[in-house]
Amino acid sequence: MADCDVIIIGAGIVGTAAAKVLGEQGRNVVLFDRSFDEPDRIVGELMQPAGLELLHKMGLYDCVEGIDAVEEHGYQINFESEWLRMPFPECNSLPHSHDSVKAKTACEGELADDARFHGCSFHHGRFVQKLRHAATSTKGVTGIEGTVTEVLFDGAKVMGVKYRKKSDSDEASYGNERVLTAPLVVVGDGCLSKFRKLAHYDKPQTVSHFVGVLMEDIPTLPHEHHGHVILTKTTPVLIYRIGSGEVRILVDIPLTKLPGKEDLKRLLLEETLPQLPEEIQEAFRRAVEKGPVRSMPNQKLHPNAKIVPGLLLVGDALNTRHPLTGAGMTCALTDAILMREFESVDLYNSKEVCKTMQTIYQKHNQATSTINILSFALYQVFSGPYALRKACCAYLKKGGENAAGPMSMLSGLVTDRNTFLYHYCRVGLHSVKTILPNLIECMQVGYAAVHIVTPLLYNEVMKPALWQPQLPQLVEEDQNTAVQEPQKVK
């Protein structure tokens, strides 16, 4: 038998939540991370209402409490110096499947007629630390601070990992490294995953960078309890509060490779600053000059995984989207709750494990495809032709269904692809109508709208439906067979 039931690589959001879910099944889970110190990142700070719902379902809602989190009621979009309010959906407008979040939204146990869902923003590191505590406090879950250096195979099957402990290197096999065996290895080591290549057909594509600073001296934002999206002449800027005294600002730089530090500061001060609301310009200037100015690649990776017996990709190791919509944590928690599919599975039965992995990948695609498409479509519209941006804002400004539909998808509460197509086509038609006398511009906008959505629909909807992850040909094995000498992964 193996040393444990499940090995999880990466104690971030998806890894910790998955560890808790699997531990509650009575599994013996080992959770690895290079460091259990509080992480410091510039993304993963804004959670949509659907993410809060998933936390509630997994018994992790208290992880957003006691960390100076800020309740968010929706977004405010600034286009041509005009603010457009986009609130989250009303609680009574969505089905009973969302009752768990409705209960948290109610102040006195009963919902007011106009009660709305809410999200929240926070320090990423504080949230992760509370998730780690919840995971390692679960019976059967053990955290190990160390670096996984290899995934080990017994023939075609995963049989464990090789790792180097942070604290010491004594009693090691393979030189200074140890071996830990398990029938299931879950890879949740993020967008820069080291082990993704073992079970994924594609490589992530960097489409832009978020450059972020922390503003610490802003008493009030133009619209408190809202994420602010500033549409500059070229790209969007995202602003939100992550604590009672701190505000994050993320500037999208549409480059696959960033300029040097000084050139980057000059770009922020000379090009971005004049396009920001006047009330935050001086605070932004001080934050850029003080530093640090940090960056994060915005990557595109469609969920084109292959089934490797006993090796499961989750979170950003499997699938990434543009962080403009703040949907990454919702998708990660979706993968974590899908670990419930292993509830009655014999992890030593390779065929059973592979069928469960196939189900998890399929359910991941069903739950996240609309969020993924929306993230890149919205980003490309907001950084695309002026006429398309103007038409999109004019469409949303009408309110009613025009605003409620897109916000129900942005919040992650509605994942129906037809809802996305309905509103996207209406935005496209509205943009064409506004410039109809100018046939050349009309054709350019129409082409841009089709060019944006077609590859996204192909990779997120058509391709997964036509080429689902195939089960490998496995020979039925005696589950009592002893673990053989591990083979190194090249």
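These exercises look at one helix and several salt bridges in a predicted model.

**Exercise 1. Does the length of helix 8 agree or disagree with what its residue count predicts?**

Solution. Helix 8 covers residues 350–382, which makes 33 residues. The expected span is 1.5 Å times one less than the number of residues. For helix 8 this gives 48 Å. The C-alpha atoms at its two ends are 46 Å apart, so the expected span and the distance agree.

**Exercise 2. Describe helix 8 further: where is its kink centred, and how many of its residues are buried?**

Solution. Begin with the axis: helix 8 has a kink of about 50°, and the centre is T368. Next, take the surroundings. A residue counts as buried under 20% relative accessible area. By that cut-off, 24 of the 33 residues in helix 8 are buried, and the helix is mostly covered. Last, look at the start of the helix, where a side-chain oxygen of N349 comes to within 3.2 Å of the backbone nitrogen of K351.

**Exercise 3. Which parts of the chain does the salt bridge between E82 and K397 tie together?**

Solution. Side chains of opposite charge can pair when their charged atoms come close. For E82 and K397, the N to O distance is 2.6 Å, and their side chains form a salt bridge. E82 belongs to strand 6 (residues 82–87) and K397 to helix 9 (residues 386–397), so the pair ties together parts 315 residues apart in sequence. E82 has 41% relative accessibility and therefore counts as partly exposed.

**Exercise 4. Place the salt bridge between K166 and E145 in the chain, and classify both residues.**

Solution. The side chains of K166 and E145 meet at 3.6 Å, N to O. K166 sits in the loop between strand 9 (157–165) and strand 10 (178–181), while E145 is in strand 8 (residues 141–154); the two are 21 residues apart. Partly exposed covers values between 20% and 50%. K166, at 49%, is therefore partly exposed. E145, at 27%, is partly exposed too.

**Exercise 5. Is K290 buried or exposed, and where is its salt-bridge partner E216?**

Solution. K290 and E216 form a salt bridge at 3.4 Å, N to O. K290 lies in helix 6 (residues 278–290), and E216 in the loop between strand 12 (205–215) and strand 13 (227–231), so the bridge ties together parts 74 residues apart in sequence. The relative accessible area of K290 is 65%, so K290 is exposed. E216, at 48%, counts as partly exposed.

**Exercise 6. How many salt bridges are there by the 4 Å rule?**

Solution. The count is 19. Salt bridges with shared partners join E150, K162, R164 and E177 into one network.

Key:
Residues numbered from 1 in each chain as written. Predicted model: local features only at pLDDT ≥ 70, side-chain atom pairs only at ≥ 80, totals over all residues. Heavy atoms only, no water. Helix = DSSP H or I, 4+ residues; strand = E, 2+ residues; numbered from the N terminus. Bend = angle between axes of the 7 residues up to and from the residue. Buried < 20%, exposed > 50% of the residue type's maximum accessible area, 1.4 Å probe, protein only. Polar contact = N/O pair within 3.5 Å; in protein donor to acceptor, adjacent residues only side chain to side chain.
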